[in-house]
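Q: Hi! I've got a structure to look at and I'd like to talk through its cysteines. Can you help me out?

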Amino acid sequence: SATKYCDYKWGDGLGGCRSCPEDEQGNPNPLGCFFNIEDQGRVMGQEAVESCSATCASSLEFSDCKLCPKNVNGFNFGINPGEEECVFCPDDNIMNPQNEFRLFGESIRCWQVQKFFDSVQVPSDAPNCRLARMMNYICGCDGPGYGGASTETKKAVLAWLPRAMAILSLLGSSFILFDSMISKEKREKLLHQLLIALSTFDIIASIAYALTTLPIPKNDMIPVFGARGNDATCTTQGFFIRIGTISCFTNVSLAVYYLLAIKFGQNERKLKQKRLLFILCPLVVGLLFALAGIPFYGNMVLWCDNTASWWPDIPVALAILSATVIMGIVCWDVYKKEKASARWRGAGTGRARHKLSIQVFWQSFWYLMAFYLTWPAYLTLQYSWASDTYFSNYGLILSAGTMVPLQGFWNFFVYIRPRQMKQATSTIHRASTRALARFTSRTASTQEASKTSFLTRFRRSSVATPSARTASDEGTSRNVPSSDSHPDTFDLTVVN
């Protein structure tokens, strides 16, 4: 019958026909094909499970779980010679047999999952085995744990390290925001207006990131360390994390700003004419994707985010690509100008203008580097999950969760870089000037002391003693004229 399956209870391919499992209200219960439901534990053995799942259209596929293996269903059974069989809980050591294994349904308990894997042959590398073992920590079993966090310490680190990084980013962005708004002169400049927008949305994202696992539903199908929230708090966190990506798109506006200023030489007045586009475009794109993600916000182990595959992170990837291309154009333009400037480096005005362009270029370059330090690891993680890989790569998950909240932290160092370099240059100049002055003074003192010492020795060697001079005068008085006859002889010797 199309609505009945074979239970194969007699062996050798023989058995009785049974109706598809139903719940207490008489509704179809596809999970009954896989798990021994109380008072309905009729599906026993691999052949019966396969027959039931095929006949009753049962499946264990979870399309709304981004970090879960895809295509987990009832047809992934049977092992070939030499293949390793899946072991749900090593040594059948289930510490919490009555815990809900919500990944397969609210009514499924750990002991039922264990019975299922005991009764069927599942390859150890099959998606359903990987999925079940990834979540077996719920039952108190030894395993890789969610996100590769196999110990409580690793789970705590996944929650607290990103939180600390988000707080650093919050402080960095707050400094940029305060410093850019502190004076009217800065507030009126387009560059600082872009930095104000960038920092504002980064602050929003940093606050959302800093909550990490707190807003995740406490009874989620993937229980995580520190989860205290519900569906509403999870959706709220995911929404504001996506609102925070507006800062990512503002980086593209910043790159365009530098392109127009460096390559095309546009002044502040011309750049301000495009101010609405610079600020409005990132805002509209980020807001649209944040709103589109509302039905998909859910547990992503580190925090709540968009659980849909592929499309949520395409705008960020395109933003990185766009900023890279733009800065490549700027870099090439600066390189050509650097080569051409060799002809007129002696010209004061041209040289000063070229030096300013170089300074602006390096500042824009470091803003792009801050972009690179923040996003690539997280995008790699998202697309690896979407492509059914790296579910338990603890190192990748931790590095992605650590780097992505740090946008404001890196921007802070880029922002203060010019003034720090100026201060360092001034400090080095003052120190070198003082050192040179001390060296010059010491050299002059040494030379003066040497000259004085020389004159003293010369005088002493040139002046004879009175007794020797008297004896000499008496012995030669008849043949040599006295000093009175040559008054300048002694005086000259003494003076010199």
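Q: Let's start with Cys-281: is this residue buried, partly exposed or exposed?
A: Happy to help, and please keep in mind that this is a predicted model. Cys-281 is partly exposed, because its relative accessible area is 43%.

Q: And what about Cys-248, buried or exposed?
A: Cys-248 is buried, since its relative accessible area is 0%.

Q: OK, on to disulfides. What is a disulfide, chemically?
A: A disulfide is a covalent bond between the sulfur atoms of two cysteines.

Q: How many disulfides does the structure hold?
A: There are 3 disulfides in the structure.

Q: Which cysteine is joined to Cys-89?
A: The partner of Cys-89 is Cys-141, with an S to S distance of 2.0 Å. This pair links distant parts of the chain, with the two positions 52 residues apart in numbering. Cys-89 sits in the loop between helix H1 (46-55) and helix H2 (110-119), while Cys-141 sits in the loop between helix H3 (127-134) and helix H4 (152-181).

Q: Is the link of Cys-89 and Cys-141 left-handed or right-handed?
A: The link is left-handed, with -105 degrees about the S-S bond. Cys-89 and Cys-141 are both buried, too.

Q: Next one: which cysteine forms a disulfide with Cys-110?
A: That's Cys-139, and the two sulfur atoms are 2.0 Å apart. Here too the pair links distant parts of the chain: Cys-110 belongs to helix H2, Cys-139 lies in the loop between H3 and H4, and they are 29 residues apart.

Q: Why is the disulfide of Cys-110 and Cys-139 called left-handed?
A: Because the torsion about its S-S bond is about -90 degrees. Both Cys-110 and Cys-139 are buried.

Q: And where does Cys-234 come in, what is it joined to?
A: A disulfide joins Cys-234 to Cys-304, S to S 2.0 Å. Cys-234 is in helix H7 (residues 231-243) and Cys-304 is in strand E4 (residues 304-306), so to speak distant parts of the chain, 70 residues apart.

Q: What is the torsion about the S-S bond of Cys-234 and Cys-304?
A: The torsion is about -110 degrees, so this disulfide is left-handed. Both of its cysteines, Cys-234 and Cys-304, are buried.

Q: Switching topic: which residues of H1 are buried?
A: They are Gln-46, Ala-48, Val-49, Ser-51, Cys-52 and Ser-53.

Q: What covers those buried residues of H1?
A: The cover includes strand E1 (4-6) and H2. H2 is also the helix that holds Cys-110.

Technical notes: Residues are numbered from 1 along each chain as its sequence is written. This is a predicted model: local features need pLDDT of at least 70, side-chain atom pairs count only at pLDDT 80 or more; totals for chains, interfaces and linings use all residues. Side-chain values use heavy atoms; hydrogens and water are left out. A disulfide is a pair of cysteine sulfur atoms within 2.5 Å. Helices (H or I, at least four residues) and strands (E, at least two) are DSSP runs, numbered from the N terminus. Buried means under 20% relative accessible area, exposed over 50%, partly exposed in between (1.4 Å probe, protein chains only). Contact means heavy atoms within 4.5 Å.
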